[in-house]
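Here are my notes on the model, set out as numbered points for you to follow with the coordinates open.

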Amino acid sequence: MPATTTEDLGGGEAIIRLQDIAKSYWREALEIPVLKGIDLDIPKGGYVALMGPSGSGKTTLLNLIAGIDRPSGGGLEVCGYALNDLDDDELAAWRNAHVGFIFQNYNLVPVLNAYENVELPLLLQPLSRSERRRRVLEALSLVNLEDRMWNYPRQLSGGQEQRVAIARAIVTDPDLLVADEPTGALDHKNAEEVLQLMERLNRELGKTIVMVTHDPKAAHHARHQIHLEKGVLDRMVEVNQ
Amino acid sequence: MIGLLVLLPFAAYLGWLLWAAFFLPVPLSYNLRSLWQRKVSTFSTAGAIALVVGIFVVVLSLAQGLSVAFVTSGRDDQALVLRPNARFELNSSIERERMRILKVHPLLAREGEQPLCSAEVVAVKLFQKSNGDDTNVTIRGMEPMGLRLRPQARIVEGRWFRPGVSEVVVPRKMQGRFPGMEVGGIVKMGGRQWDIVGAFEAGGSSAESEIWTDVADLMQAYKRDSYSTLLARLQDANRIGEFTRSVDEDKRLKLEVVTERAYFKELTKAGDPIAVLGNLITVILTGGAIFSAMNTMFAAVANRTKEIGMLRALGFRQRDILASFQWEAILLCGAGGLVGAGLATFANGIQTGTTSFDTFSDVGFAFTITPGLMAQGVAFSLVMGLLGGFLPAWRASRIPLTEAMKGG
């Protein structure tokens with residue numbers, strides 16, 4: 001598939017720019033290529049679902065975009081930063097400022113309540129306690145969970161836990177949200193609620209979302225679907241909503 | 001030089017860790033609650049630390065107790081005159097003629113016409129303790145002035161001994177540790193029966209390990225021609241050097257002078273074997289406790305790998321994770337240390353004794369737990385947390401991010 005440009009994904013300024021990205025893992029002396037020659041631009045405000053069979057490299061690609069992993073080759077610019085040029089500490093600070101994470105299993109800290117879980121990323125920013133509180137309450141109200149903020153994860157349903165995780169992802173007001181199978185652990189009703197919430201974040205707050213999913217129904221909520229096959233971009237599909 | 005190379009990084013790490021305690025982005029409440037969540041491993045590790053710290057504090061309190069027994073015994077303005085190289089009263093011997101010359105020394109303090117000094121004889125006698133073991137007990141014969149030179153000694157039952165009628169007084173503490181020492185009872189020494197006419201206390205000093213009687217009675221019973229020592233108060237504590245030289249250089253005397261405080265300080269070495277044994281036990285248990293803390297923390301890291309991955313993904317740096325887990329280990333061990341130091345206080349005041357290898361006699365003393373010793377115990381537990389927690393914390397901070405997010 002030729003390079004996917006911002007025009008292909010609805011136009012506008014690119015927030016994610018991948019040029020000839022490659023990623024390999026080494027098992028002793030054996031190189032295992034996972035991604036090869038990925039050229040992809042995603043515009044600001046885009047909502048992209050990365051799809052493909054297991055082992056196609058979609059989670060690896062998501063990790064590279066989110067600054068969790070580093071490419072073996074190629075150029076990677078996200079939110080205006082060339083991630084290859086950042087050292088580990090700078091990359092950590094960059095993630096905190098620019099990326100919100102939504103995980104399949106929510107990854108909430110079980111010993112912290114909903115409020116404290118949402119507050120976690122703000123602890124790294126130079127904010128007063130009252131400012132942190134204001135932002136946490138705002139994020140929790142966006143996911144409609146203000147009344148459960150003192151509950152611990154074990155006291156919440158799966159859907160509520162994922163909504164807390166979404167509140168945590170947006171509390172720093174990041175440009176980019178990355179989601180790895182965000183509905184993988186939810187029943188149909190809760191999954192639909194979470195997907196609608198993500199759609200709102202994209203449409204109303206302009207958040208750029210990159211989501212890895214196996215689920216075609218979940219992918220249908222995105223504006224575009226990008227299919228990977230054996231580590232290369234296979235095809236791009238525009239979703240008619 | 002090598003020590004410096006080891007200590008400098010350690011000190012730098014410690015300094016950074018203290019700084020991190022105040023500016024650490026990962027809240028300590030996260031660590032405290034994580035410890036509380038894993039109650040079984042937390043309590044078993046804290047229990048092991050408490051045991052070690054308890055033993056550590058009790059061992060230190062033995063030395064403290066001995067120190068109280070001996071150091072409170074001595075005064076700087078009182079001197080003990082001994083035979084040269086005798087080192088201890090039991091080995092010393094001073095003939096009557098020399099004693100007569102000593103007693104008129106011009107540097108001795110006086111009370112009216114009487115010099116403030118006491119010619120004394122020290123002997124030992126085998127007694128059976130309450131637990132059935134035999135041990136030597138020091139018997140001290142003194143002149144009436146001997147009581148004036150020991151103002152901390154006071155009768156708590158009965159009265160002081162009288163000369164010439166084979167009477168003794170015994171320490172109150174000894175009554176609990178040796179049977180048959182009640183006032184009104186009888187002890188057999190030197191082929192005679194002695195009436196116990198009083199019980200005394202002496203401020204926890206080593207005097208509370210001795211039976212006291214009149215020196216002439218004791219010399220007669222033990223068929224001694226010479227005294228053991230002279231205890232004398234000087235006119236001025238600053239003139240002890242002058243007194244020492246004078247006694248050493250006088251060809252008629254040729255005796256050795258030590259201040260009473262220095263003499264008793266030397267005796268505190270009686271506790272060295274106990275301290276060595278106690279420290280050895282502490283070292284062995286410390287190794288076990290550190291291993292236990294390390295094991296608990298490695299398990300915590302393994303169980304929370306995904307959490308670590310999530311924290312790193314949110315922007316927490318490797319050193320934030322290192323400090324967080326290191327503090328968790330320190331808090332865990334510190335809690336154990338507090339419990340251990342608290343438990344050790346139950347030993348405070350318990351009377352015990354040891355046989356001095358210098359005097360071959362029993363030295364009674366009490367376990368003395370002071371706030372300083374408890375603080376040392378807690379500090380010791382914090383060091384255990386530092387050592388036991390370092391490797392797991394380092395491991396937690398070094399798990400590759402992608403691996404941590406998958407759960408290791």
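In which sense do β1(B) and strand β12 (residues 256–259) of chain B pair, and over how many bridges? The pairing is antiparallel and runs over 4 bridges. The points below start from that strand; please keep in mind throughout that this is a predicted model.

1. Strand β1 of chain B and its partners. Besides its pairing with β12(B), β1(B) pairs with strand β11 (residues 229–233) of chain B, again in the antiparallel sense and over 4 bridges. The register can be checked at two places: Q78(B) stands opposite R233(B) in β11(B), while A79(B) stands opposite T259(B) in β12(B).

2. Burial of the same strand. Strand β1 (residues 78–82) of chain B is largely enclosed by the rest of the structure, because 5 of its 5 residues are buried. In a regular strand, side chains alternate between the two faces of the sheet. Here Q78(B), L80(B) and L82(B) point one way, whereas A79(B) and V81(B) point the other way, and all of them are buried.

3. Overall form of chain B. The chain holds 14 helices and 14 strands, and its C-alpha atoms fill a box of roughly 90 × 45 × 30 Å along the principal axes. Its radius of gyration is 29 Å, where a compact globule of 408 residues would have a value near 22 Å. Buried residues account for 46% of the 408 residues, and of the contacts between residues at least 6 apart in sequence, 83% join residues at least 24 apart.

4. Domains of chain B. The domain assignment gives domain 1 as 18–70 + 270–406 and domain 2 as 78–235, and the C-alpha centres of these two domains of chain B lie 46 Å apart. When reading the radius of gyration of 29 Å for chain B, a colleague may wish to have this separation of 46 Å between the domain centres to hand.

5. Nonpolar cores. In soluble globular proteins, nonpolar side chains tend to be buried together. The largest nonpolar core in this model has 130 residues, and those with the most contacts inside it are L50(A), A167(A), V178(A), I49(B) and V57(B). Helix α12 (residues 318–344) of chain B gives the most to this core, with 14 residues. Apart from it lies another core, of 49 residues, among them A119(B), V169(B), I196(B) and Y227(B). Returning to I49(B), and leaving aside neighbours within four places in sequence, its contacts include A289(B), A293(B), C333(B), G336(B) and M384(B).

6. Contact between the chains. Chain A and chain B each bring 18 residues to the contact. On the side of chain A that touches chain B, helix α2 (residues 88–98) of chain A gives the most, with 6 residues. The residues on that side of chain A divide into 11 nonpolar, 3 polar and 4 charged.

7. The open sheet of chain A. Four strands of chain A form an open sheet in the order β2-β1-β4-β5, with antiparallel pairing. Its edge strands are β2 (30–43) and β5 (81–82) of chain A, each of which pairs on one side only. Strand β1 (residues 14–27) of chain A pairs with β2(A) in the antiparallel sense over 10 bridges, and within that pairing the bridge partner of Y25(A) in β2(A) is I32(A).

8. Backbone values to inspect in chain A. Most residues other than glycine have a negative phi. D20(A), found in strand β1 of chain A, has a positive phi near 50 degrees, and this residue counts as partly exposed because it has 13 C-beta neighbours inside 10 Å. Y106(A) likewise has a positive phi, of about 70 degrees, although it is not a glycine. Y106(A) lies in the loop between β6 (99–102) and α3 (114–119) of chain A, and it is buried, with 23 other C-beta atoms within 10 Å.

9. A distance within chain B. P273(B) is found in helix α10 (residues 272–303) of chain B and is partly exposed, with 13 other C-beta atoms within 10 Å. The C-alpha atoms of P273(B) and S29(B), which are 244 residues apart along the chain, are separated by 44 Å.

Note on methods:
Residues are numbered from 1 along each chain as its sequence is written. Chains are lettered from A and ligands numbered from 1 in the order in which they are written. This is a predicted model: local features need pLDDT of at least 70, side-chain atom pairs count only at pLDDT 80 or more; totals for chains, interfaces and linings use all residues. Two residues are in contact if their C-beta atoms, placed from the backbone, lie within 7 Å. Ala, Val, Leu, Ile, Met, Phe, Trp, Tyr, Cys and Pro count as nonpolar, Asp, Glu, Lys and Arg as charged, and the others, Gly among them, as polar. A residue is buried if 20 or more other C-beta atoms lie within 10 Å of its own, exposed if 12 or fewer, and partly exposed in between; C-beta atoms are placed from the backbone. Two strands pair if DSSP finds at least two bridges between them. A nonpolar core is a set of buried Ala, Val, Leu, Ile, Met, Phe, Trp, Tyr and Cys residues joined through C-beta atoms within 7 Å. Domain bounds come from an automatic or database domain assignment. The radius of gyration is taken over C-alpha atoms; the globule rule is 2.2 Å times the number of residues to the power 0.38.
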